[in-house]
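Me: I would like to go through this model by question and answer. Please keep each answer to a short chain of reasoning.

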Amino acid sequence: MSVPHERPLLLGVRHHGPGSARAVRAALERYRPEALLVEGPPEADAVVGIAAQAGLRPPVALLAHAADDPARAAFWPFAEFSPEWVAIRWALGRDVPVRFIDLPAAHTLALRDEADEADEESGQEAAARVDPLAVLAGAAGHDDPERWWEDVVEHRADGGPDADPLAPFTALAEAMTALRERHADGGHPRDAVREAHMRLRIREAAREYDRTAVVCGAWHVPALAAPATATADRQTLRGLPKVRTEITWVPWTHRRLRRRSGYGAGIDSPGWYRHLFTAPDRPLVRWMTAVAGLLRAEDRQVSSAHVIEAVRLAETLAGMRGRPLAGLAETMDAVRAVMCEGSQLPLALIHDRLVVGDDLGEVPDTAPAVPLARDLARQQRTLRLKPEAAERELDLDLRQGTDAARSRLLHRLALLGIPWGEPVRSRTANTGTFRESWRLRWEPELAVRVAEAGVWGTTVESAATAKVEDTVVAAARLGEVTALAERCLLAALPDALPTVLRVLADKAALDADVGHLAQALPALARSARYGDVRGTDAGALREVAEGIALRICVGLPPACVALDEAGATEMRGHLDAVHSAVGLLAAYRPGERWTAVLTSLATRDSTVAGTIRGRAARLLLDEGRFDAAWAARLMGLALSPGSTPRDAAGWLDGFLSGGGVLLVHDRQLLALIDGWLSAVPDEAFTDVLPLVRRTFAEFEPGVRRTVGELVRRGPGAAGPGAAEVYGNGFGEGLDAARADAVLPTLRLLLGAGAQVGHREGSSA
């Protein structure tokens, strides 16, 4: 029979410890409390019942955020092996009331804001904080606090049916009491406020229930057991700042349980700890078996003999090191030696997949959530886009309805500042406009981003539309507006386009800077050209794009005059961007006008920088507007003695940038460059060498090698008529026998009976 109003049972634990979790479960089974008190925000009392539902699967976290500013948020994570989670599930399964007793999130978030304003003081406090595990491990003669804790707690056996399950908590409380007597708050001044609130909540529960159990961090146990009056505790809490908060459950990941993820009570090896907690027996054998399965899946040769030998080696290492059970260090050393043949590379995979793990929790639909989060969850189910903690790539074919809808969702989330997906280069052979590739990874912090974006609307589409309209009105530069216009088309937000187009037309009409117009045109041209791929009417964008292109055609030539080196380099970049954009608008008016602009720039005098003139000439040559003889004439003028060496080097840089295959096929151009470079005066050579070297360094290795070979042959081999003699730079004439050797394969590719034409001088 229970004794009325017993002193509460204080179970001090380390957050996220499998040994602590087992000990808590055994202690609760023995003590059988009438109420359970857990370290956590009291606002969670309203949602703790959801933890009993089958749809809630750890790792999960309590998310509390300011109602008027969701970005001000805090998390309280729970893993399957967290002592608090085990205690909560134990209590809910037996209809035992569960209450959270830590400082309310309303105060925690407000105090955090004050701490942010005093970063310097916070840094000094952090430097002075005491690590209880390090102190206890040092007192025990261990230099590794983590290993010491694992040996005495996490790897501790149950001790049999006659063992006292409360003994570990009594010993830990005594150790923490000694630490608190020596180090006081240990550099945690805010703990006094938290502990005052905990004591008040414990007193409330003690008045209602005869037997209560408290699960909290072991550091707090001495303060909660110390004599203190309710009046003093209330005085400590008086005048605390407060904000209105909302709380819910959100999925968490094993990766975010790691210490370096930013969560203060994190752990280094959540996957390993989960294994220790869930393995029914022989945890070392089961772990080695899992490692072997992973390595086999990666096509490594691992047999059952490897598993047996690795287990023996790990146990031997544990015995030599004086450990009660082989820990993670011993298992990884054994795996490296036996299964990985001493290689460190497979260990990175094992650490990522097993030691840390990719587990992502689940939260049922009954959990409180903002309407935007519910709409997002609905679309994720409809589109079969399940959030996953592991990074994966998703290839989309926009001609398929489901893939197009997935693309729209990801683009809308990106506009809302929810970076679930990141666009990447397509892995498929077809790199056309019907293909998209994304790299997806769901991080717990995205739940905060979703809550924060909820102020813009109740659905993903309406919220993205409102966010775009607000952003475009505040945009300062024309390029920002055109980028938003393109993203609107990608995200299929037709309701936002009128506002975007209105702002775009206004800014384009008032902006006379050719550089700004050139930066804005590419995104508009892509939108106008490819908008209809996604079923969006881009006619209005096309009109604006054509208007900007025509204004660039008028303003670009005078804008290229008298530029310094930095300005000329920047303008050359604009030239390339506009050329690509006009190519997308080639079916419309700007095409011929742009050709005239490039021609005027290519044939201008030295008032236009050489890099711009050379680039214009190369673009015209690549488009087939002029032949190689015309380009050779321009190069001859640019490299003539009348041009300064630096201007001539700039012309070469502009002309050859992007590839030097042209020099392999056109010996006349190569001879001109060779002759010019040989004639550069000694006093100017040092000045132009870096620019020329940078130009040739951009060539493919094979092109550089071939050009070097052609130059080595000397001027005779590089003369104007050499192309006919030596086969366009690939050798001294064609080998007819080698050419004939490809004919059977060619006929096979073209089909039986295919006729392959002959050219004079070659059977091919």
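Me: Is strand β1 largely enclosed by the rest of the structure or largely open, and how many of its residues are buried?
Reply: This is a predicted model. Strand β1 covers residues 9-13. L9, L11 and V13 point one way from it, L10 and G12 the other way, and all are buried. The strand is therefore largely enclosed by the rest of the structure, the buried count being five of the five residues.

Me: Which residue of β6 is the bridge partner of V13?
Reply: Strand β6 spans residues 212-217. β1 pairs with β6 in the parallel sense, over five bridges. Within that strand, the bridge partner of V13 is G217.

Me: In what order do the strands of the open three-stranded sheet run, and which are its edge strands?
Reply: The order is β4-β3-β7, with antiparallel pairing. Two of these strands pair on one side only, and they are the edges: β4 (69-78) and β7 (245-251).

Me: What is the average twist of that sheet, from one strand to the next?
Reply: The sheet is open and made of three antiparallel strands. From one strand to the next, the twist averages 25 degrees.

Me: Which helix packs on this sheet, and what angle does its direction make with that of β4?
Reply: The helix touches β3, β4 and β7. It is α18, residues 445-453. Its direction and that of β4 make an angle of about 150 degrees.

Me: Which residue of β4 is the bridge partner of A66?
Reply: Strand β3 takes in residues 60-66 and pairs with β4 in the antiparallel sense over seven bridges. The partner of A66 in β4 is D69.

Me: How many residues apart in sequence are the parts tied together by the salt bridge of D45 and R201?
Reply: The side chains of D45 and R201 meet at 2.8 Å, N to O. D45 is partly exposed at 28% relative accessible area, whereas R201 is buried at 17%. D45 lies in the loop between β2 (35-38) and β3, and R201 in helix α8 (residues 191-208), so the parts tied together are 156 residues apart.

Me: Where do E362 and R57 lie, and how many residues apart are they?
Reply: These two form a salt bridge, with the closest N and O atoms 3.5 Å apart. E362 is in the loop between α15 (345-356) and α16 (371-382), and R57 is in the loop between β2 and β3. The pair thus links distant parts of the chain, with a separation of 305 residues.

Me: Are E362 and R57 buried, partly exposed or exposed?
Reply: Partly exposed applies between the limits of 20% and 50% relative accessible area. E362 has 33% relative accessibility, and R57 has 36%. E362 therefore counts as partly exposed, and R57 likewise as partly exposed.

Me: Which strands hold R439 and E393?
Reply: The side chains of R439 and E393 meet in a salt bridge at 3.5 Å, N to O. R439 is partly exposed at 26%, and E393 is partly exposed at 28%. The salt bridge ties together parts that are 46 residues apart in sequence, R439 being in β10 (435-440) and E393 in β8 (392-397).

Me: What is the area of the nonpolar surface patch that includes L677?
Reply: L677 is found in helix α30, residues 667-679. At 31% relative accessibility, this residue counts as partly exposed. Together with F685 and L689, L677 makes a patch of about 210 Å².

Note on methods: Residues numbered from 1 in each chain as written. Predicted model: local features only at pLDDT ≥ 70, side-chain atom pairs only at ≥ 80, totals over all residues. Heavy atoms only, no water. Pairing = 2+ DSSP bridges. Helix = DSSP H or I, 4+ residues; strand = E, 2+ residues; numbered from the N terminus. Axes fitted to C-alpha atoms, helices over the stretch in contact; angles between N-to-C directions. Contact = heavy atoms within 4.5 Å. Buried < 20%, exposed > 50% of the residue type's maximum accessible area, 1.4 Å probe, protein only. Patch = residues over 30% accessible without salt bridge, like charges linked within 9 Å, V, L, I, M, F, W, Y side chains within 5 Å. Areas by Shrake-Rupley, 256 points an atom, 1.4 Å probe, with all protein chains shown as cover. Salt bridge = Lys/Arg side-chain N within 4 Å of Asp/Glu carboxyl O.
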